[in-house]
Amino acid sequence: MIDKERRSLENELPCCDFISLLKASRNSRSTRHVETLLSASIAFDIPVTKWSSPMMRGLSSGKRKQLSVGRIVALVIAAAAPLSAILGNLPLALSLGNGAGLPGVLLIATAVLLCFSIGYGAMSRHVVNTGAFYTYVGQGLGKPVAVGAALLAVLSYSALSIGLAGAFGYFTSLVLDAVGVHQSWVLYAAAGIFLTGLLGYRSVDLSAKVLTLLMIAEMAIVVIFDISVLAQRGMTALPSTSLEPGTVMSEGFGIAVMFAFTSFIGFESAALYGEEATDPTRSIPRATYLAVITIGLFYFVTAWITVGAIGVHATRNIASDQLGSLMIDLMATYTSTSLSHVMAVLLCTSLLASMLAVHNAASRYLFVLGREKLLPAPLGRFNRRHYSPSNASVIQTCVAFAAVAAFFNAGLDPYVNLATSMVGLSTLGILGLQALAAMAIFAYFCKHPTSGIARTRIAPAIGGAGIVVALALFVTDYASLVGTDNSVVNALPLVLGLTVVAGWFYGIWLRYRRPHIYAGLAAIKPRYSPPSVQPQPPNECSGYDPSRCCSSECPRVN
């Protein structure tokens with residue numbers, strides 16, 4: 001059957017030249033036919049000429065936006081919500097962790113994740129797919145494990161989206177209460193969900209533009225704080241004691257590691273935009289490296305300066321006393337009260353930016369699983385106008401609305417119950433995905449040896465080992481991460497384990513009961529194919545191949 005379809009397709013594509021076909025496909029009906037031919041050409045491995053041409057990328061419409069390295073970096077950094085991490089995680093890590101030694105832990109976390117990113121980038125050059133971790137795990141560890149990883153990804157990113165909505169509603173309510181506007185947190189959370197759903201429904205290029213502006217604003221306010229402390233305290237703002245091994249490895253080191261890795265959650269989402277990038281084999285690795293280095297240096301420098309601003313010996317006590325208000329108070333002390341108010345407002349926009357980035361990530365996982373028939377097929381359809389996974393985006397928005405409404409109707413606190421439980425659960429799940437991906441990358445390059453053993457095996461092994469250690473710390477001390485002794489909340493990690501096991505069994509079932517679906521799971525579908533012939537001058541045949549043409553004459557490209 002496949003051979004028959006392949007021969008039929010070859011007859012439809014004389015000279016392997018899509019460009020003349022695309023030029024004749026200006027209306028919507030023929031565009032759909034072109035998309036079918038493009039998909040079939042990938043499935044049947046029929047080479048095409050000039051895959052990377054602008055017309056090819058736009059499917060003759062010329063309207064599809066392509067993500068540059070800078071915009072992918074904006075999406076990734078926004079997902080990590082750097083200002084939220086500085087205002088939320090940093091005081092907790094200084095209080096419960098190793099105190100003044102936190103900057104050293106952040107350097108270690110940055111080095112570990114950079115090693116992971118090197119392997120991640122090498123893998124993204126070989127595998128371009130919106131499925132990201134799901135596809136990587138399938139290529140390295142097998143399809144049944146990949147199904148478990150896929151369901152874990154959907155659960156984790158959806159939980160993170162819900163938790164961020166609760167945090168956004170809570171902090172927005174606090175900020176507006178201070179200026180005399182009193183409304184329930186659930187209204188602000190609903191407004192945030194609606195806005196992210198609206199932007200997520202449209203082209204990701206629009207989301208990237210919005211996130212770039214928000215990211216610049218939230219990072220700028222922290223840079224102002226850093227510069228102000230350095231200007232007033234000089235080199236005493238950078239105490240060398242913070243980097244001494246005895247300080248770094250002091251009591252609370254394990255908890256500090258937990259909060260350090262938590263602050264990076266979101267950096268791994270770059271590969272999700274592989275099918276929407278201009279040149280994924282280059283832009284995805286570069287975006288990942290830039291994001292990890294930028295986030296790591298941003299956290300390290302700010303944590304170091306914060307310790308200097310407080311004082312090495314007083315760090316733990318002052319952080320414990322002030323907790324959530326620590327950075328706001330320091331901002332008021334070293335700059336002005338007005339800027340501290342601006343920082344509080346930007347905390348809300350930082351959470352909104354993270355909501356949007358995580359919504360986009362969750363939607364793309366739903367899209368891929370719908371496309372591969374692991375979830376209902378309509379989820380795997382893209383919007384023909386915006387080239388976005390609009391159906392998946394709508395479902396993700398509805399899930400967030402329903403979850404927030406359920407917490408509100410139950411009378412639960414948006415921060416203590418909703419935000420901490422969902423963000424803690426998602427953090428553990430995403431870290432588990434990173435560990436699976438690190439093992440999968442190592443296994444893939446062992447099965448498919450290539451040049452550069454340092455970046456394909458050594459770096460992923462080091463990064464994977466560090467992530468596994470962090471994951472073990474998370475599991476053993478999960479209560480410290482979520483900050484509650486509630487037995488139900490602390491039992492939530494069991495849901496993650498059961499999800500992976502259920503996915504694995506589902507994959508085994510598909511192997512025997514739905515082999516046609518199983519065969520297409522986590523398949524590599526290259527975005528680009530090398531040109532089958534050398535480019536010719538204008539008005540000459542650009543794709544003639546006597547072995548494939550049905551006649552001796554070739555269409556000319558005008």
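# Notebook: surface patch, pocket, cavity and single residues

I began with leucine 198, which is partly exposed at a relative accessible area of 43%. Leucine 198 sits in helix 10. The model I am reading is a predicted one.

**Surface patch.** I looked up what surrounds leucine 198 on the surface. Leu198 belongs to a nonpolar patch together with Phe194, Leu195 and Phe401. I noted about 360 Å² of accessible area for the four taken together. Which helix gives the largest share of this patch? I found that helix 10, residues 185–201, gives three residues. Leucine 198 can be a patch member because its relative accessible area is 43%, and patch residues need over 30%.

**Phenylalanine 408.** I then turned to helix 18, residues 390–409, which holds phenylalanine 408. I recorded phenylalanine 408 as partly exposed, with 37% relative accessibility. I also checked a contact across the sequence: valine 186 is 222 residues away along the chain, yet its C-alpha atom is 6.9 Å from that of phenylalanine 408.

**Second largest pocket.** I looked up the volume of the second largest pocket and wrote down about 1,300 Å³. Its lining has 48 residues, and the closest to the centre are Ser84, Leu87, Gly88, Phe171 and Tyr415. Which helices each supply at least two lining residues? I listed helix 5 (69–80), helix 6 (82–96), helix 9 (143–177), helix 13 (253–262), helix 17 (337–371), helix 19 (414–447) and helix 21 (478–482). Helix 6 provides the largest share, with nine residues. I sorted the lining by class and got 31 nonpolar residues, 17 polar ones and no charged ones.

**Cavities.** Next I went through the enclosed spaces. Rolling a probe the size of a water molecule over the atoms shows where empty space remains. I counted three cavities of 30 Å³ or more in the whole structure. The largest cavity holds about 80 Å³. Its lining is made of Ala85, Ile86, Asn89, Leu90, Ala93, Leu102, Leu106, Phe259, Ala260, Ser263, Tyr299 and Ala303. I asked which helices each supply at least two of the lining residues. They are helix 6, helix 7 (102–126), helix 13 and helix 14 (280–310). Helix 6 has the largest share here, at five residues. By class I found ten nonpolar, two polar and no charged residues in this lining. Helix 6 thus appears in my notes twice, with the largest share of the second largest pocket's lining and with the largest share of the largest cavity's lining.

**Positive phi values.** Most residues other than glycine have a negative phi. I looked for exceptions and kept two. Alanine 81, not a glycine, has a positive phi of about 50 degrees. Alanine 81 is placed in the loop between helix 5 and helix 6. Is alanine 81 buried or exposed? I have it as buried, because its relative accessibility is 5% and the limit for buried is under 20%. Lysine 373 is also not a glycine and has a positive phi of about 70 degrees. I located lysine 373 in the loop between helix 17 and helix 18. Lysine 373 counts as partly exposed, at 45% relative accessibility.

**Residue pairs far apart in sequence.** I took three further residues and looked up one partner for each.

- Serine 161 lies in helix 9 and is buried, with a relative accessible area of 6%. I read 9.6 Å between its C-alpha atom and that of alanine 361, 200 residues apart along the chain.
- Tyrosine 478 lies in helix 21 and counts as buried at 4% relative accessibility. I read 9.7 Å between the C-alpha atoms of tyrosine 478 and isoleucine 255, which are 223 residues apart along the chain.
- Asparagine 486 is in the loop between helix 21 and helix 22 (487–490), and I entered it as partly exposed, with a relative accessible area of 34%. I read 9.9 Å between the C-alpha atoms of asparagine 486 and serine 421, 65 residues apart along the chain.

Definitions and conventions. Residues numbered from 1 in each chain as written. Predicted model: local features only at pLDDT ≥ 70, side-chain atom pairs only at ≥ 80, totals over all residues. Heavy atoms only, no water. 1 Å grid on protein atoms, 1.4 Å probe; cavity = no way out; pocket = protein on both sides within 12 Å on 5 of 7 lines; lining within 4 Å. Points joined across faces, edges and corners; volume = space filled by probe spheres on them. Helix = DSSP H or I, 4+ residues; strand = E, 2+ residues; numbered from the N terminus. Nonpolar A, V, L, I, M, F, W, Y, C, P; charged D, E, K, R; others polar. Patch = residues over 30% accessible without salt bridge, like charges linked within 9 Å, V, L, I, M, F, W, Y side chains within 5 Å. Areas by Shrake-Rupley, 256 points an atom, 1.4 Å probe, with all protein chains shown as cover. Salt bridge = Lys/Arg side-chain N within 4 Å of Asp/Glu carboxyl O. Buried < 20%, exposed > 50% of the residue type's maximum accessible area, 1.4 Å probe, protein only.
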